[in-house]
Amino acid sequence: MKEELDSILKEAQEVKNNIKSLQDLENFRIKFLGKKGLLKNILDKIVNLPLEERKELGNYFNFVKEEVEKIYKELREKLEVGRFIKFDLHHPGRKISKGHLHIITQSINKIINIFSKIGFDVELGREIVTEYENFDSLNIPPNHPARDMWSTLWIKSQKEKLLLRTHTSAHQVEILKKKNPPLKVIIPGKVYRHEATDARHEMQFHQLEGLAVGEGCNIQELKGIFSIFFEEYFGKKLEVIFRSSYFPFTEPSVEVDIECVLCKGRGCEVCKNSGYLEVAGAGMIHTFVLKEAGIDTNKYYGYAFGLGVERIIMLKYNIPDIRLFHSSDLRFIKQF
Ligand code: PHE
């Protein structure tokens, strides 16, 4: 009977290599380890032997059975792993996390969309501009005290003096020259100021310039455009007020305030209890600028505005600190 056990083990080891599927494996199990299998068959015989022989063969039987079971287990593991990788089409895949546009980009797209609906075209300009574009063309000659309004980052350059634009107004004359009135354009873009950083200020931020020139352009239209824009952007009608101000390139100049979106004009921390929030600089385009662009100032008027993009995003989503935008904190970014 020992020989019989040996040949069972030998056979199991030999057929091992022929087992290629789970069905083959099941046949293997039935043949060797099943209830009517070879091993069970031999065990029935061993049970009926005299005690001494039974003990000896019993031990050997257990050894062979364990060996065969080992082969079975190994084969099953191998086949099941293979089956998973190759055939289980229902196994759920790993989710690929997708990125999305940054809240600033999303918002600029939205702002552009609103202005397009009220007839504005989009123009873009370079971030490095000349001293003439950023200042002189806008009625800010060298040594004019108004240059202090924009802490400028100058660029070392050989011929012309270059700088990182401090405002998108740097493109006014260039665009007015290129397009014939009547015109309505917006110019979104990054601007740079050499300033200390805090919760409300960054060295780099975004502005959206608006420019309109035509025979009938006036300050009421400008105010109307702001009312429409803010109502669309914030999703509710907000009071807009013009506060008298000064810019060398607009006359008259105004600072645009809107009713505080958070406290609805009642007064809170964000609006410093005034009930209003400053969101843009604006005014009627100065004749100096129109003339610089070769526009007939007896015929045409224009208005311009510069909107602080981060400012209105912060108000819309109640973001307390401008530095969060570029903090690369995913908890912040993923919210939008
Ligand atoms: N360029 C001005 C600024 O950056 C804003 C402005 C734009 C004011 C257009 C008037 C007209 O502060």
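Select strand E10 (301–308) to begin. In this predicted model, E10 contributes three residues to the shell around the ligand, the most of any contributor. Next, add strand E6 (204–214) and strand E9 (276–285) to the selection; like E10, each supplies at least two residues of that shell.

Now select the ligand together with its surroundings. There are 15 residues around the ligand. Which of them come nearest? They are His 167, Ser 169, Arg 193, Gln 207 and Gly 306. Colouring the shell by class shows six nonpolar, seven polar and two charged residues.

The polar side-chain atoms facing the ligand may be visited one at a time. Begin with Ser 169, where a polar side-chain atom lies 2.8 Å from a nitrogen atom of the ligand. Continue to Arg 193, which has a polar side-chain atom 3.1 Å from an oxygen atom of the ligand. Then select Trp 150: here a polar side-chain atom and an oxygen atom of the ligand are 3.5 Å apart. With these residues displayed, turn to the surface of the ligand: on its own the ligand has 320 Å² of accessible area, and the protein covers 93% of it.

Where does the ligand sit? Display the pockets, and the ligand will be found in the largest pocket.

Finally, return to the whole protein and colour it by domain. The domain assignment gives domain 1, spanning 2–83, and domain 2, spanning 103–333. Between the C-alpha centres of domain 1 and domain 2 the distance is 85 Å.

Key:
Residues numbered from 1 in each chain as written. Predicted model: local features only at pLDDT ≥ 70, side-chain atom pairs only at ≥ 80, totals over all residues. Heavy atoms only, no water. Near = heavy atom within 4 Å. Polar contact = N/O pair within 3.5 Å; in protein donor to acceptor, adjacent residues only side chain to side chain. Areas by Shrake-Rupley, 256 points an atom, 1.4 Å probe, with all protein chains shown as cover. 1 Å grid on protein atoms, 1.4 Å probe; cavity = no way out; pocket = protein on both sides within 12 Å on 5 of 7 lines; lining within 4 Å. Sits in = over half its atoms within 2 Å of the grid points. Helix = DSSP H or I, 4+ residues; strand = E, 2+ residues; numbered from the N terminus. Nonpolar A, V, L, I, M, F, W, Y, C, P; charged D, E, K, R; others polar. Domains from an automatic or database assignment.
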